[in-house]
Amino acid sequence: MKSSNYDVIIIGGGIMGTSTAYNLIAEDPSLRVIVIERDLSYEKSSTALSMVNARIQFSLKENVLISQYAFDVLENFEEKMVVDGKKPAIFYRREGNLFLYHEKSLPAARRAFEMQNELGCAIEWWSLKKIKDRYPIYENLDEIAGASFGPEDGHFDAYSVLMGYRAKAKSMGVEFVQDDVVELITSEGAISGIKTAFNEIYSSSHVVNCTGAWANLILKTVGIKLPMEPVKRQVFAVKHKVRLDYPLPLTILPSSFYFRTETGGLLLLGKSMEEDPVGFDFTWEDERFEYLWGELYEFAPVFEALKLVKGWAGLYAVNIMDANAILGEWPEIKGLYLANGFSGHGLQQGPAVGRYITELIIGKSPALDLSVFSPLRIFEKTPIKEDGIV
Ligand SMILES: Cc1cc2nc3c(=O)[nH]c(=O)nc-3n(C[C@H](O)[C@H](O)[C@H](O)COP(=O)(O)OP(=O)(O)OC[C@H]3O[C@@H](n4cnc5c(N)ncnc54)[C@H](O)[C@@H]3O)c2cc1C
């Protein structure tokens, strides 16, 4: 049995793990940091299976601030992550997000819009006329009472961001290994290390759990159960014949059905549904497309002819208490940090989460106070409220 000592052990090498690793080493190059990832192909990681959207349009102030920071990081990412003269290409395209509201959700949406404006965000409130003028193909607005448009929202290549963080962190001294962490080791109320499937022990007084939808499996080994479930979500890519002179923004209907254009004449669409199964199921069910196509056709009949090209299924790590991040040190185990429960909006939160966890570990005053996401709220049964969950 091999044994090694580290300042920080990060379990899981998705966006949370790699961003945290990068931020730690950038903050203090003398730190010994290791990221242990069970599958370096990232085949099942949510980071590689997402809709890659980053948006300002949340109702909780901290989520807005997190996204403002993400925009900033993404804008400068390619320059900042240069390694040996090579820049990552992240294809950051700010093509906008358009949220459409029913009458009943209008007051909450207006409140969020006003808060976003106060924070200096470029968000626009749109009338039905404005929607029709801008996107005439959105013909059926019968049940829509208003909309908000975020011109700076958009999407990017998540895998390139992941690889960019990884390459940069590695070049600065972070170790990345492929292994499966099977046990957390504690001693007198504090974390002392982890054990892997290869029977190796890694010791540290700081361990960060970045295992996404799998978080509860490893936490179980020290008796922790977060209010969190892995839930299957599916995405569909279709070819269309509509001549569009402009990209369609990520358009989110009140039912939470969403779609946007993608390069190559594709349209991406999906919807979080009540019946989406809980568990580690990655089977993609193309039969669901018929139902989604119906919803799209009703809203924009111009999409009457579509060809399903491909799709995929990935997991949301759904926080069933309040659908928001669970961030910070676990109150009952010193040195065990959580970056979990991001539901459907974790990718864009990676940069801010990595910085925040770093600040907690090194004892630096946080640039952005994210204590509202503390795991303490699970003990205190005080959920936070976010209306912008998709
Ligand atoms: C279909 C879909 C669409 C989405 N769309 C968006 C979007 O548009 N915008 C957005 O912001 N978010 C979106 N999300 C959510 C987002 O993808 C996640 O919140 C985010 O990627 C979570 O990152 P993570 O690092 O926590 O998890 P992951 O990327 O899943 O990484 C966790 C890693 O931990 C590893 N691991 C697990 N257990 C162990 C272990 N015991 N030992 C070693 N390694 C382990 C896994 O292999 C995995 O690589 C979407 C998700 C899905 C599924």
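Modeller: Let's fix one term before we start: a helix here is a DSSP run of H or I with at least four residues, numbered from the N terminus. By that rule W293 sits in helix α7, residues 288-299. And keep in mind that this is a predicted model.

Colleague: Fine. Why does W293 count as partly exposed?

Modeller: Count its neighbours: W293 has 17 C-beta neighbours inside 10 Å. Buried takes 20 or more and exposed takes 12 or fewer, with partly exposed in between. Since 17 falls in between, W293 counts as partly exposed. As for its surroundings, W293 and L269 are 24 residues apart in sequence, with 8.8 Å from C-alpha to C-alpha.

Colleague: And S160, why is that one partly exposed?

Modeller: S160 also goes by its count, 17 C-beta neighbours inside 10 Å, so it counts as partly exposed. S160 is in helix α5. Leaving out neighbours within four places in sequence, S160 is in contact with P88, A89 and I90. Its C-alpha is 17 Å from that of N23, which is 137 residues away along the chain.

Colleague: What makes the reach of α5 close to the expected one?

Modeller: Helix α5, residues 158-171, has 14 residues and reaches 20 Å from its first C-alpha to its last. The expected span is 1.5 Å times one less than the number of residues, and for α5 that comes to 20 Å. The two values agree closely.

Colleague: Which residues of α5 are buried, and what do they pack against?

Modeller: A158, V161, L162, G164, Y165, R166, K168 and A169 are buried. They pack against α1, α2 and β9 (175-178). Just after α5 comes G173, with a positive phi near 120°.

Colleague: How do you know that α8 is mostly covered?

Modeller: By the tally: ten of its 13 residues are buried. G350, P351, A352 and V353 are among them, and the cover includes β2 (8-11), α1, α2, β13 (207-209), β19 (326-329) and β20 (336-340). Helix α8 spans residues 350-362 and reaches 18 Å, close to the 18 Å expected. G363 follows α8, and its phi is positive, near 75°.

Colleague: Those are glycines. What makes the phi of A323 worth a mention?

Modeller: Most residues other than glycine have a negative phi. A323 is not a glycine, yet its phi is positive, about 60°. A323 lies in the loop between β18 and β19. S343 is another such case, with a positive phi near 50° in a residue other than glycine, and S343 is in the loop between β20 and α8.

Colleague: Why is A323 called buried, and why S343?

Modeller: The cut-off is 20 or more other C-beta atoms within 10 Å. A323 has 20, so it is buried. S343 has 21, so it counts as buried too.

Colleague: Let's zoom out. Which domains is the protein divided into?

Modeller: Domain 1 is 3-82 + 157-227 + 321-380, and domain 2 is 97-152 + 229-317. Their C-alpha centres lie 29 Å apart. The contact takes 22 residues from domain 1 and 24 from domain 2. On the domain 1 side, helix α2 (residues 61-80) gives the largest share, four residues. By class, that side has eight nonpolar, eleven polar and three charged residues.

Colleague: Why do you place the ligand where you do, relative to domain 1 and domain 2?

Modeller: Both domains give residues to the shell around the ligand, so the ligand lies between them. Of the 39 residues around the ligand, G12, G14, G212, G314 and G346 come nearest. α1 (15-27), β3 (33-37), β14 (228-240) and β18 (306-319) each supply at least two residues of the shell. The shell divides into 18 nonpolar, 16 polar and five charged residues.

Colleague: Last one. Which residues have the most contacts inside the largest nonpolar core?

Modeller: I9, I10, I11 and V33, in a core of 71 residues. The largest share of this core, six residues, comes from α1, and each of the two domains contributes at least three. There is also a second, separate core of 29 residues that includes F99, L253, L292 and F299. Back in the largest core, V33 touches Y6, D7, V8, I10, A21, L24, I25 and V174, not counting residues up to four places away in sequence.

Methods: Residues numbered from 1 in each chain as written. Predicted model: local features only at pLDDT ≥ 70, side-chain atom pairs only at ≥ 80, totals over all residues. Near = placed C-beta within 6 Å. Nonpolar A, V, L, I, M, F, W, Y, C, P; charged D, E, K, R; others polar. Domains from an automatic or database assignment. Contact = placed C-beta atoms within 7 Å. Core = buried A, V, L, I, M, F, W, Y, C linked by C-beta atoms within 7 Å.
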